Amino acid sequence: MITVVFLSLLLGAGPNDGSPASSPQSLESPPMADDSPTAWSCTADTLRSGKECVFEAELTPSQPNKEQATSNVRTIQQLGRTLCAEAARPRSEEAKGDGGNLAATCEKKYAAAAERCDLEGTVAIVDAKGRFSPAARACYRAISGVLQETQMAATVKATVPTQKSDKSEPRPGHGSASL
């Protein structure tokens with residue numbers, strides 16, 4: 001008898017009298033939802049990094065609202081200046097230049113893309129946790145494309161050496177031919 005009690009205590013077997021589990025992590029406790037954004041949710045950070053993501057915001061669509069549409073575009077435009085400045089900055093330490101021209105071009109293209117982000121005012125573009133709405137897929141793709149294009153241009157600009165052209169000496173194969 002003592003052996004049975006000892007084994008049941010050792011194995012953690014207790015009486016199953018329908019009482020709730022002692023720990024919330026216990027397998028017998030009811031499941032608890034974790035509403036925090038996952039590492040895969042589409043946020044400003046995934047937009048910045050260009051990583052693949054999932055549109056997991058849970059927003060309920062409503063009737064079209066002009067104020068919501070304006071707010072959506074404004075939200076995206078506020079991100080634009082920072083995201084374009086970061087995208088225009090070369091990634092390597094050796095790269096020189098501030099990418100100011102690239103940033104200005106990015107901001108212009110970004111603003112044009114952001115105009116598509118009103119979502120007709122039926123839903124907020126991001127939820128309270130910063131996750132993009134599933135309805136914002138086309139908007140996200142458009143502004144992501146602008147940022148990726150700018151990042152690529154900054155990388156190319158940083159890796160291609162600039163050539164100084166000396167107008168006084170013709171380069172071989174260019175200029176006047178002498179007979």
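Helices here are DSSP runs of H or I with at least four residues, strands are runs of E with at least two, and both are numbered from the N terminus.

**View 1. The whole protein, a predicted model built from helices.**
What you're looking at is a predicted model. How many helices and strands does the protein have? It has 5 helices and 0 strands, so the pattern you read along the sequence is α-α-α-α-α. Of the 179 residues in the protein, 27% are buried. The accessible surface adds up to about 13,400 Å², and carbon and sulfur atoms own 55% of that. Now take the contacts between residues at least 6 apart in sequence: 76% of them link residues that are at least 24 apart.

**View 2. Helix α4 packed against helix α5.**
Two packed helices are described by the angle between their axes and the distance between the axes. For α4 (residues 100-114) and α5 (residues 137-159), those two values are about 165° and 9 Å. Are α4 and α5 roughly parallel or roughly antiparallel? Angles over 145 degrees count as roughly antiparallel, and α4 and α5 are therefore roughly antiparallel to each other. Their crossing is right-handed. On the α4 side, look for Leu-102, Cys-106, Lys-109, Tyr-110, Ala-113 and Ala-114. Their partners in α5 include Ala-142, Ile-143, Val-146, Leu-147 and Glu-149, along with Thr-150, Ala-153, Ala-154 and Lys-157. Sort the residues of this contact by class and you get 11 nonpolar, 1 polar and 3 charged.

**View 3. Helix α3 packed against helix α4.**
Now we bring in α3, which covers residues 66-88. The axes of α3 and α4 come within 9 Å and cross at roughly 155°. That makes α3 and α4 roughly antiparallel to each other, because angles over 145 degrees are put in that group. The α3 and α4 crossing is right-handed. From α3, the contact uses Val-73, Ile-76, Gln-77, Leu-79, Gly-80, Arg-81, Leu-83, Cys-84, Ala-85 and Ala-88. From α4, it uses Leu-102, Ala-103, Cys-106, Glu-107, Tyr-110, Ala-111 and Ala-114. The class count for this contact is 13 nonpolar, 2 polar and 2 charged residues.

**View 4. Helix α3 packed against helix α5.**
What is the angle between α3 and α5? It's about 25°, and the axes are 8 Å apart. Angles under 35 degrees count as roughly parallel, and α3 and α5 are therefore roughly parallel to each other. The crossing of α3 and α5 is right-handed. Here Ile-76, Leu-83, Cys-84, Ala-87 and Ala-88 of α3 touch Cys-139, Ile-143, Leu-147, Thr-150, Gln-151 and Ala-154 of α5. Which classes do these contact residues fall into? There are 9 nonpolar and 2 polar residues, with no charged ones.

**View 5. Leu-119 and Glu-120 in the loop between α4 and α5.**
Most residues other than glycine have a negative phi. Zoom in on the loop between α4 and α5, though, and you'll meet Leu-119, whose phi is positive, near 55°. Glu-120 is in the loop between α4 and α5 too, and its phi is also positive, at about 55°, even though it's not a glycine. Is Leu-119 buried or exposed? Buried means under 20% relative accessible area, and Leu-119 has 12%, so it counts as buried. Glu-120 has 59% relative accessibility, so it counts as exposed, because the cut-off for that is over 50%.

**View 6. Val-156 and Pro-90, far apart in sequence.**
Val-156 sits in helix α5. How far apart are Val-156 and Pro-90 in space, C-alpha to C-alpha? The answer is 8.8 Å, with their positions 66 residues apart in sequence. Val-156 has 40% relative accessibility, so it counts as partly exposed.

**View 7. Thr-82 and Arg-48, another pair to find.**
Thr-82 belongs to helix α3. Thr-82 and Arg-48 are 34 residues apart along the chain, and their C-alpha atoms are separated by 9.5 Å. Is Thr-82 buried or partly exposed? With a relative accessibility of 41%, Thr-82 counts as partly exposed.

Key: Residues numbered from 1 in each chain as written. Predicted model: local features only at pLDDT ≥ 70, side-chain atom pairs only at ≥ 80, totals over all residues. Heavy atoms only, no water. Axes fitted to C-alpha atoms, helices over the stretch in contact; angles between N-to-C directions. Parallel < 35°, antiparallel > 145°, perpendicular 65-115°, else oblique. Left-handed = near helix turned anticlockwise from the far one by under 90°. Contact = heavy atoms within 4.5 Å. Nonpolar A, V, L, I, M, F, W, Y, C, P; charged D, E, K, R; others polar. Buried < 20%, exposed > 50% of the residue type's maximum accessible area, 1.4 Å probe, protein only. Areas by Shrake-Rupley, 256 points an atom, 1.4 Å probe, with all protein chains shown as cover.
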